[in-house]
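Biologist: Please take a close look at a single part of this model, the nonpolar core, and describe what surrounds it.

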Amino acid sequence: MYTKDFEIRWSDVDANRHLANSAYINFMSHTRMAFLMEQGFDHRTMAAHEIGPVVFYEHVYYFKEVFPGKPIKVSLEVMGLSEDGKFFEFHHNFYNHKGENIARCEMMGAWMDLKTRKLTGLSNDLLDKFSELEKGENFKVLTKEDSRKFLKIPVNL
């Protein structure tokens with residue numbers, strides 16, 4: 001399991017003086033990008049392949065409040081990947097300085113071709129890299145249907 005440590009800054013706290021929802025999202029995003037960069041998916045590689053990661057959803061479950069003064073740890077586990085590498089699912093857990101699980105997130109995303117602005121699978125070399133990553137205990141091969149399991153459809157004005 002990949003983990004990243006964070007200090008709670010004044011700007012991470014909301015009006016209730018605990019960790020703001022936006023800070024959880026930012027810490028997860030930072031953890032994901034640090035993980036991807038360490039696996040060879042850095043900005044240079046993504047620019048060369050003209051791809052970028054996009055998030056479909058992040059479902060966050062909060063268990064305990066977090067206050068400034070003590071560090072937290074954010075984990076990342078690879079829980080799903082489609083055969084072509086287009087879709088991926090990561091799970092994050094947040095832990096306080098005592099190792100207590102204070103929040104959890106399930107997120108799904110995909111890779112976007114930055115020229116066509118459409119979803120795309122990974123090139124063979126990147127797919128090989130992604131396929132070699134350590135997988136979570138309940139890892140599954142994702143399909144397009146998995147990306148639509150919540151059936152949220154836009155409703156225009």
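Modeller: **The core around Phe 27**

Phe 27 is in contact (heavy atoms within 4.5 Å) with Phe 6, Glu 7, Ile 8, Asp 12, Leu 19, Ile 72, Val 74 and Phe 94, leaving aside residues up to four places away in sequence. This is a predicted model, in which local features need pLDDT of at least 70 and side-chain atom pairs count only at pLDDT 80 or more, while totals for chains, interfaces and linings use all residues. Residues are numbered from 1 along each chain as its sequence is written, and side-chain values use heavy atoms, with hydrogens and water left out.

Phe 27 belongs to the largest nonpolar core, which has 35 residues. Such a core is a set of buried Ala, Val, Leu, Ile, Met, Phe, Trp, Tyr and Cys residues joined through side-chain atoms within 4.5 Å; buried means under 20% relative accessible area, with a 1.4 Å probe and protein chains only. Along with Phe 27, the residues with the most contacts inside this core are Ile 72, Phe 94, Trp 111 and Phe 130. Elements giving two or more residues to the core include strand 1 (2–6), helix 1 (21–38), strand 3 (72–82) and helix 3 (124–131). Helices (H or I, at least four residues) and strands (E, at least two) are DSSP runs, numbered from the N terminus. Helix 1 gives the most, with 7 residues. Apart from this core lies another, of 5 residues, among them Tyr 57, Phe 87, Ala 110 and Leu 142.

Asp 12, one of the contacts of Phe 27, lies in the loop between strand 1 and helix 1. Asp 12 is buried, at a relative accessible area of 4%. Its contacts, again not counting residues up to four places away in sequence, are Glu 7, His 18, Leu 19, Ala 20, Ala 23 and Phe 27.

Key
Buried means under 20% relative accessible area, exposed over 50%, partly exposed in between (1.4 Å probe, protein chains only).
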